[in-house]
Amino acid sequence: MKYLIMIYSNPKSWGHPIFLRVPEALAMSGEERDAMSGQFDELLREIVESGELVGGEALADPSQVKTVRVRDGVPATTDGPYLEAKEHLAGYFVVDCESPERAAEIASRFPDARFAAVEVRPIMASSGQEM
């Protein structure tokens, strides 16, 4: 089954990797930040080697967002995120694993989960069935 792991962050701490830009991480020692980066690298190696990683990307700065809405047949495009929010979608990974528990375990190992939200959502096929 495929799952979308979405990493959220505060746009005030923009930059990649997000987990190294948050105030809590900046307050850590260099050794602690290096260890966290190493844990992230280890997780990526693990899910690549196991075949669970399907793909993923970091997203551009939220100031680059264009939002399109169509009302009464008229499209309107605005700059910026579609919601006024303290957090925004910073990046995503798609994993293919055996259970929702495994997907949640993978998500919990992203350093970003220590500082912000990491959401796990099953991916549906076009038929409406979970993949």
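Helices, of at least four residues, and strands, of at least two, are DSSP runs numbered from the N terminus. In this predicted model, the chain reads β-α-α-β-β-β-β-α-β along the sequence, which amounts to 3 helices and 6 strands.

**Whole chain.** Begin with all 131 residues displayed, of which 28% count as buried. A surface representation covers about 8,200 Å² of accessible area, and carbon and sulfur atoms account for 53% of that area. If contacts are drawn between residues at least 6 apart in sequence, 72% of them join residues at least 24 apart.

**The sheet.** Next, select S1, S2, S5 and S6. These 4 strands form an open sheet with antiparallel pairing, in the order S2-S5-S1-S6. Strand S2 (53-58) and strand S6 (118-122) occupy the edges; each has a single partner strand, so one side of each lacks a neighbour in the sheet. Viewed across the sheet, the twist from one strand to the next averages 20°.

**The S1–S6 pair.** Keep strand S1 (residues 2-9) and S6 in view: they run antiparallel and are joined by 5 bridges. To locate one of these pairings, select Met6, whose bridge partner in S6 is Glu119. Strands of a sheet pair through backbone hydrogen bonds.

**Helix H3.** Now add residues 100-108. This is helix H3, which lies across S1 and S6 and runs at about 30° to S1.

**The nonpolar core.** Which members of the largest nonpolar core touch the most other members? Select Ile5 and Phe110, which hold that position among its 19 residues. The elements that contribute two or more residues to this core are S1, helix H2 (30-49), strand S5 (88-96) and H3. H2 supplies the largest share, with 4 residues. In soluble globular proteins, nonpolar side chains tend to be buried together.

**Around Ile5.** Centre the view on Ile5 and display its contacts, leaving aside residues up to four places away in sequence. Ile5 then touches Gly91, Tyr92, Phe93 and Val95, among others. Its contacts also include Ala103, Ile106, Ala107 and Phe110. Val118, Glu119 and Val120 complete the list. Glu119 has already appeared on this tour as the bridge partner of Met6.

**Asp72.** Finally, move to the loop between strand S3 (66-71) and strand S4 (74-79), where Asp72 is placed. Although Asp72 is not a glycine, it has a positive phi of about 55°. Is this residue, Asp72, buried or exposed? The relative accessible area of Asp72 is 83%; exposed means over 50%, so Asp72 is exposed.

Terms used. Residues numbered from 1 in each chain as written. Predicted model: local features only at pLDDT ≥ 70, side-chain atom pairs only at ≥ 80, totals over all residues. Heavy atoms only, no water. Buried < 20%, exposed > 50% of the residue type's maximum accessible area, 1.4 Å probe, protein only. Contact = heavy atoms within 4.5 Å. Areas by Shrake-Rupley, 256 points an atom, 1.4 Å probe, with all protein chains shown as cover. Pairing = 2+ DSSP bridges. Axes fitted to C-alpha atoms, helices over the stretch in contact; angles between N-to-C directions. Core = buried A, V, L, I, M, F, W, Y, C linked by side-chain atoms within 4.5 Å.
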